[in-house]
Amino acid sequence: MKRVPKENSLTFTETIMTGSRGAVLHTLLNLGIISQLGFCTEETTYSSSTVSDYDYSSEEPGDVDYGQFVLQCQKSDVRSFRKSFLPAIYAVICVLGVLGNGLVIITYIYFKRLRTMTDVYLLNLAVADLLFLFTLPFWAVSVVKEWIFGQVMCKTVYVLYRVSFFSGILLLMCISIDRYFSIVRAASAHRHRSKAVYYSKIVSVCVWLFSMILSLPELLYSNQEKIANGMLCKMTLDNSTIIFTASSQLAVGFFIPLVVMFFCYCVIIKTLLLARNFEKNKAIKVIIAVVLVFLLFQLPYNSVMLIDTINDVNATISNCDLSKRMNIAIDVTKSLAYVRCCLNPFLYAFIGVKFRNDLLKLMKEMGCMSTEKLLKYTNIKANFTSKRGSIATDTESTTTFSP
């Protein structure tokens, strides 16, 4: 038997021990790696569980919280309603409004009949209504198609719309004040009759200037903007500007004129009831019609606008159906308020006896009426006036509100 050399034996033993130590180290190293992998696996599993509610790419439907999504309110039905409703109603308002207010302006200019304060106010009211009607075709085209008129016209149309709106409402208030002094304070009004037209012109200029000041937000914040469906003319406002524009429209464009008109016409009715005049009932009916028309056509729009402004500032509407109903309500009530421009000539100008006579003469000279019909109408009015006797002069200028 061959003996292994000692040094070789030691080498073998050392090799075995070295191998054992290597195996132990290898085993320990593997255990450490496994433990580290287990720890990392736990940590990764925990981390993924904490962010699973916000991981919208997860393949598990149950892990997605759909409440985190912001759903856009689709208003295609509102746009369809606007495309069919607004252009049609705007066309009717424009035709009737231009016809009525155009006759008022032509009659006053042709006969140079600016003899009283009411004459001046009615002429300015007709001009304000025509400026307002001038803006409607632009809005109708933008509803059907898009805004194609450019940045300058965007600001121009917005400013004209606001200036004509405020001036028209304020002129209605001035007419009620003039009627108050003409009937309730008749003696004082008669003393200042020579300067009445001059005062009315100054008041009219102040009304136009004040309306321009109130329309400054439209001048500053109206812009042409590019959207997905094309160009849009709109106002970009912050909350403070929204509050200012809405409060000015509600205060100056509704509440203050309503209070003044209500006070003046109530005192006028009280004065007429005490007067011995058989035409006072007709005058009272006219007054009631004026106030009711103002309320019926302005109150719904201003009420809806107030609610919409509060919702815009506080962002309280989160329901899509409610938002769409609000949009339709604004369109309908706003169009109803626009109809007032068509009725102003009939409520304020055409009811006047002298104005109607001048209008008949104008129609005759324009070839729209024969001489026989003109004589027929004037004879009827003359016979009716002669039966009224001495009351006729007073009633033509007071109770029937004839200029």
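This is a short tour of a few places to select in the structure, which is a predicted model.

**Stop one: the disulfide**

Begin by selecting C154 and C233 and showing their side chains, since a disulfide joins these two cysteines, with the sulfur atoms 1.9 Å apart. A search of the whole structure finds 1 disulfide, and this is where to look at it. If you colour by secondary structure, you will see that C154 belongs to helix 4 (residues 150-183) while C233 belongs to strand 2 (residues 230-235), so the pair ties together parts that are 79 residues apart in sequence. Turn the view until you look along the bond between the sulfurs: the torsion about the S-S bond of C154 and C233 is about 90°, so the disulfide is right-handed. Are these two cysteines buried or exposed? Both C154 and C233 are buried, and you may need to hide the surface to see them.

**Stop two: cysteines without a disulfide**

Next, select C94, which takes part in no disulfide, the nearest cysteine sulfur being that of C342, 8.2 Å away. With a relative accessibility of 15%, C94 counts as buried. Then move to C341, which is likewise in no disulfide, and for which the nearest cysteine sulfur is that of C342, at 6.7 Å. C341 also counts as buried, at 2% relative accessibility. To see why neither distance makes a disulfide, recall that the two sulfur atoms must lie within 2.5 Å.

**Stop three: along helix 4**

Now return to helix 4, and select the whole of it from end to end. At 1.5 Å a residue, its 34 residues should span 50 Å, and the C-alpha atoms at its ends are indeed 50 Å apart, which agrees. How many of the residues of helix 4 are buried? The count is 24 of its 34 residues, so that the helix is mostly covered.

**Stop four: T333 in helix 10**

Finally, select T333, which you will find in helix 10 (residues 320-338). T333 is buried, with a relative accessible area of 11%. Show its side chain together with the backbone of the residues that come before it, and look for two backbone oxygens: that of A329 lies 2.7 Å from a polar atom of the T333 side chain, and that of I330 is reached by the T333 side chain at 3.3 Å. An α-helix has 3.6 residues a turn, so residues three or four places apart point the same way. To finish, add P300, Y301 and V304 to the selection, for T333 touches these three when residues up to four places away in sequence are not counted.

Notes. Residues are numbered from 1 along each chain as its sequence is written. This is a predicted model: local features need pLDDT of at least 70, side-chain atom pairs count only at pLDDT 80 or more; totals for chains, interfaces and linings use all residues. Side-chain values use heavy atoms; hydrogens and water are left out. Helices (H or I, at least four residues) and strands (E, at least two) are DSSP runs, numbered from the N terminus. Buried means under 20% relative accessible area, exposed over 50%, partly exposed in between (1.4 Å probe, protein chains only). A polar contact is a pair of N or O atoms within 3.5 Å; within protein, one must be able to donate a hydrogen and the other to accept it, and residues adjacent in sequence count only if both atoms are side-chain atoms. Contact means heavy atoms within 4.5 Å. The expected span of a helix is 1.5 Å times one less than its number of residues.
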